[in-house]
Protein chains: 2
Amino acid sequence: MKAYVYVSPKKSVLDPQGKTIHGALRKMGYQGVSDVRQGKYFEVTLDGLDEAQARQEVERMAREVLTNPVIEEFRYSLETP
Amino acid sequence: MKAYVYVSPKKSVLDPQGKTIHGALRKMGYQGVSDVRQGKYFEVTLDGLDEAQARQEVERMAREVLTNPVIEEFRYSLETP
């Protein structure tokens, strides 16, 4: 089973990386881009867990390890085979 | 309109960051994790483009700026209002 975890900076937190990319895109002539935010993305392969256990593990992992809860938030999706 | 771009290392490319996270998770007692791969995630806000134009801009942007085509691949989704 695969879990996809998406970690992004909270709305209220400044995202200098995203701002830099946004500036670069504008200078390169990309039209219509009004904001860019950058986050992280994890592909976690899980073995030997049923869906409920997998959800529990992934949520705990995302909360405790993959995300800094002060400045980041996460969402995830499970791909069941 | 929002575009979500996911950039991940190609299957054939070593992902040392992912391996490190995997090792850390195992040491911390997380069960059932057999692989971790880390990628990047971009939230791009687009204004004044219709869906076809947005797709074109986002694909070009992902190919030319957000992804290193030698070692990375991307996928994206559009959130139409």
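**Entry 1. Buried area.** I take buried area as the accessible area, with a 1.4 Å probe, that two parts lose on being put together, summed over both. The model I am reading is predicted. On that basis I find that chain A and chain B bury about 2,900 Å² between them. Carbon and sulfur atoms account for 55% of this area. I then asked which three residues supply more than any other three of the area that chain A buries against chain B. They are Y30(A), Y41(A) and E43(A), with 21% of that area.

**Entry 2. Contacts across the interface.** I looked up the residues in contact and found 34 of chain A and 34 of chain B. For polar contacts, I recorded 16 residue pairs across the interface, both partners being at pLDDT 80 or more. For salt bridges between chain A and chain B, I recorded a count of 0.

**Entry 3. Make-up of the chain A side.** I next listed the elements that give two or more residues to the side of chain A that touches chain B. These are β1 (2–9), α1 (16–27), β2 (33–46) and α2 (51–66) of chain A. Which of the elements gives the most to this side? I find that β2(A) does, with 14 residues. Sorting the side by class, I obtain 17 nonpolar, 7 polar and 10 charged residues.

**Entry 4. Strand pairing between the chains.** I followed β2(A) to its partner in the other chain, which is strand β2 (residues 33–46) of chain B. I note 13 bridges joining the two strands, and they run antiparallel. I also checked what stands opposite K40(A), and found K40(B) in β2(B).

**Entry 5. Aromatic pairs.** My search of the whole structure gave 7 aromatic pairs over all chains. I examined the rings of Y41(A) and Y6(B), whose centres are 5.8 Å apart. Their planes meet at 45 degrees, so I enter the pair as tilted. Because Y41(A) lies in strand β2 of chain A and Y6(B) in strand β1 (residues 2–9) of chain B, this pair joins two chains. I had already listed Y41(A) in Entry 1 among the residues supplying buried area.

**Entry 6. Salt bridges.** Over all chains I count 12 salt bridges. I looked up the one in which the side chains of K2(A) and E43(A) meet, at 3.0 Å from N to O. K2(A) lies in strand β1 of chain A and E43(A) in strand β2 of chain A, so I note that the pair ties together parts 41 residues apart in sequence. E43(A), like Y41(A), is also in my Entry 1 list.

Terms used
Residues are numbered from 1 along each chain as its sequence is written. Chains are lettered from A and ligands numbered from 1 in the order in which they are written. This is a predicted model: local features need pLDDT of at least 70, side-chain atom pairs count only at pLDDT 80 or more; totals for chains, interfaces and linings use all residues. Side-chain values use heavy atoms; hydrogens and water are left out. Contact means heavy atoms within 4.5 Å. A salt bridge is a side-chain nitrogen of Lys or Arg within 4 Å of a carboxyl oxygen of Asp or Glu. A polar contact is a pair of N or O atoms within 3.5 Å; within protein, one must be able to donate a hydrogen and the other to accept it, and residues adjacent in sequence count only if both atoms are side-chain atoms. Helices (H or I, at least four residues) and strands (E, at least two) are DSSP runs, numbered from the N terminus. Ala, Val, Leu, Ile, Met, Phe, Trp, Tyr, Cys and Pro count as nonpolar, Asp, Glu, Lys and Arg as charged, and the others, Gly among them, as polar. Two strands pair if DSSP finds at least two bridges between them. Rings of Phe, Tyr and Trp (its six-membered ring) pair if their centres lie within 6.5 Å; planes under 30 degrees apart count as stacked, over 60 as edge-to-face and the rest as tilted.
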